[in-house]
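User: I am new to this structure. Please explain how its descriptive terms are justified.

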Amino acid sequence: MNSQKIRQTFLEYFKERQHEVVKSAPMVIKDDPTLMFTNAGMNQFKEYFLGINDPNNKRATDTQKCLRVSGKHNDLEEVGVDTYHHTMFEMLGNWSFGDYFKKEAIAWAWELLTEVYGIDKNSLYVTIFEGDASENLDCDTEAYNYWKELIAEDRILNGNKKDNFWEMGDQGPCGPCSEIHVDIRSDAEKAKIDGASLVNADHPQVVEIWNLVFMQYNRMADGSLKNLPAQHVDTGMGFERLAMVLQGKQSNYDTDVFQPLIREIETITGRSYNKTVEIDIAIRVIADHVRAVSFSIADGQLPSNTGAGYVIRRILRRAIRYAFTYLDRKEPFIYMLVNTLSRQMGEAFPELKSQKNLITNVIKEEEQSFLRTLDQGLLLLDNVINETTALGNKTVDGKKAFELYDTYGFPIDLTALILREKGLELDEKGFEEAMQVQKTRSRSASETVTSDWTELRQDDQQEFIGYDKLDAQVFITRYRKVTTKKDGDLYQLVFNLTPFYGESGGQTGDKGYLESSAGDTIYIIDTKKENGQTIHLTKTLPKELQSSFKATVDQKQRKRTAANHTATHLLHQALRKILGTHVEQKGSMVRSASLRFDFSHFSKLSQDELDQVEHFVNDRINEQLELQENRANTYENAMANGAIGLFGEKYGDVVRTIKFGDSHELCGGTHVKNTADIWHFKIVSEGAVAAGIRRIEAITGDAVKDYFTEQSQHFEDIKALLNNPGKQPIESIESLQTENSQLKKEIEELKKAKAGNLKQELIQSAENHDGINFIGTKTDLDTKSIKDLAFEIEREMDNLFMIIGSDANDKATLTVIISKNLVEEKDLNAGTIVRELGKHIQGGGGGQPHFATAGGKDPDGLQAAIDAARKMVS
Ligand code: ATP
Ligand code: MG
């Protein structure tokens, strides 16, 4: 059965059992501070398990793109080394939200595996939770009893808390689980060792394929468990592992999911798979990682230096490193695999197809830049190695290796490998210590303590009324305290209804205040969204928590934000109109002060294009277009009517659409009633964010007025500076420029003349020490002139050893030149010598045996360096 069919069969099986087939949520999570990436199918349903919102349908099924590279579920180091863990994988799942429970979940899983997919019952094992005394949890006899109806009892195994109690994170929904394992070893091997003893023992051919979680608890901040309001089923089956079993393979990588990629890697690198352990691992790493990185980019997450982007960058770098070390690839090539990937998975995940060019370009640029880093790192490592051996040591300082790793991104395993090849050792303990120090530092900077919610009132669902109203009488339904190093104590409040917009879709959250009837005012400093609820942040907790409050949104700020949001839509429309429909939104930030819009486009915008874009938006503003809003559109209808949605955004069945004239987008943000309210639109910058991604920053309304006031003030200041009221400033500047270039020319000539004189003086000053013509002098010439001078003298004078110290621009430099014959006859090396002499000026350097330079911090040491050189020669 090919993988397409396997996926389809799963979804159809549960569809027939009244499950709604839902879309995979994006793999990169944008509006949840507690989770960076989707790590299980259940993530997108968290709000249902927690009872915050109700689902439309109590049963759901899907295939979910998951990424397990950070947080509680991190498989990164396993990936490639073994044959059944991936960074990115698909999880097939079925869910019951307070509907069916263990009985149906178990019976269906069994029927699907053994009867529909036809897996041999005698190769399957199941596990149940054995209980845990420390948590006061009993053995799951209920699950046991259902299983024993279906499978021999000696195939039902007990599992401990680590394997059979599933938790998404440190806090949140969790529960006992029942796993299904499959033994794919040969009959001969099965006869030798009992499969039951290999379950949950990291055996590559006795693996878990499906986990049925019976969600019934909520893990609290203090570690205790509380019952959830209802009982749920959450299952997850690894799609690639299922394919391995059904296609009779021994490794996920031998299935049709990975084979096309592996073939392509073999072709490009000229290495074959299934020959040597190290090469095989490298090939698996690359085949796996290119998927994870491509899907992330398609979801709108580019590699970067922070947060989720950094995780993605590290995954890609891991692949580059393996290719560099084991496949000897010093040039980018991983980007070439995107084509194969999109051909193969583009049907199920169309975002791969439509964004193929962008993904390719981004990966290529990342590869180029990391390969450059590796090159530099190799040079630096060479220096470290030389220093170490020069001192007669065999062990390289762990701190130095850490510096290479931390500052230059040079991977430690590569360092270790190179050292081993040179017969040296790495001080691993020192490295670990340095790493630990840094980890502790960054951990304590980002540490967050989140207390549990205190429930004040029962309320079904919080209502958002902020599209129509900016104030309302509200009750606090629940609150909790969150403490971070950065912000100290903050309180998060949830209301029964709210006019406050919680940060999402690139738009910042509202600010405002709460007033109690007793006249207390509490400021709401920010508003966020989590698990589908709006959370208001305050620095203090109101005194009478139970009473009713007037909640008021900061109107001025909201209005400016709305103007910027509408302008962002118009900008998007303008770009697609003027540059072309390949332009896709790749991120936006809408604040009260300004807006920022990232989009896919291959080249810098010309001034003319920028002018056109600005005009287009301002024309729409002048047309005074009315807002046409539909809050209850269906996704299909909106799309059919040409609305634009974003990749990597999670949309429900019911969507809100925003129209201004021909601009038509799916959007949950706040907008002006009429484009005239934007007043004016001005682009303030345009630049690159990554390969193929541009960023425009712009302002609207009052900010434009302030901008022009400031610009005209600058203009006045310039006129005043030029001190030439008669002339136009442009003329004055042009004549200054002409004057400047003439002066530069004159200086050049004077310098040359001076150097010519200097040359003669120096040649005459040469001291003869034992047949060596030694010249040592100090000057304030720049490095380029010194170099020219040195080579000229060297041409005119035999047996030369010259050292020139310079303190031009307050920097100390030393230049040493030695005639080539001396280098050979007397075994002199300018590079080594200048490095040694560099110590006098608190610096270092290097170069050729014939010519070398050093730079340092201390010009006062120049004379000492020259004297030391003279001593060396004599
Ligand atoms: P394992 O012990 O093998 O790491 P797990 O206990 O972490 O698995 P679950 O969290 O229960 O797995 O996830 C449900 C299913 O998803 C697993 O039964 C497995 O088939 C699949 N799965 C989990 N992690 C991975 C991974 N890194 N790559 C591929 N499939 C995975
Ligand atoms: Mg795992």
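**Terms and evidence**

Analyst: The accessible surface of the protein chain comes to about 41600 Å², with 46% belonging to carbon and sulfur atoms; such areas come from the Shrake-Rupley method with a 1.4 Å probe, and for residues only the protein chains shown count as cover. This is a predicted model, in which local features need pLDDT of at least 70 and side-chain atom pairs count only at pLDDT 80 or more, while totals for chains, interfaces and linings use all residues. Residues are numbered from 1 along each chain as its sequence is written, and side-chain values use heavy atoms, without hydrogens and water.

User: Which residues of helix α14 are buried?

Analyst: Gly398, Ala401, Phe402 and Leu404 are buried in α14, residues 398-408. They are called buried because the word means under 20% relative accessible area, with exposed over 50% and partly exposed in between (1.4 Å probe, protein chains only).

User: Why are the buried residues of α14 said to line one face of the helix?

Analyst: Viewed down the axis of α14, the buried residues fall within an arc of 155°, so they line one face. The arc is that of the directions from the helix axis to the C-beta atoms. Lys399 and Thr407, on the other side of α14, are exposed.

User: What do the buried residues of α14 pack against?

Analyst: Their partners include α13 (356-390) and α16 (428-446); contact means heavy atoms within 4.5 Å.

User: What follows α14?

Analyst: Glycine 409 follows α14, and its phi is positive, near 70°.

Methods:
Chains lettered and ligands numbered in written order. Helix = DSSP H or I, 4+ residues; strand = E, 2+ residues; numbered from the N terminus.
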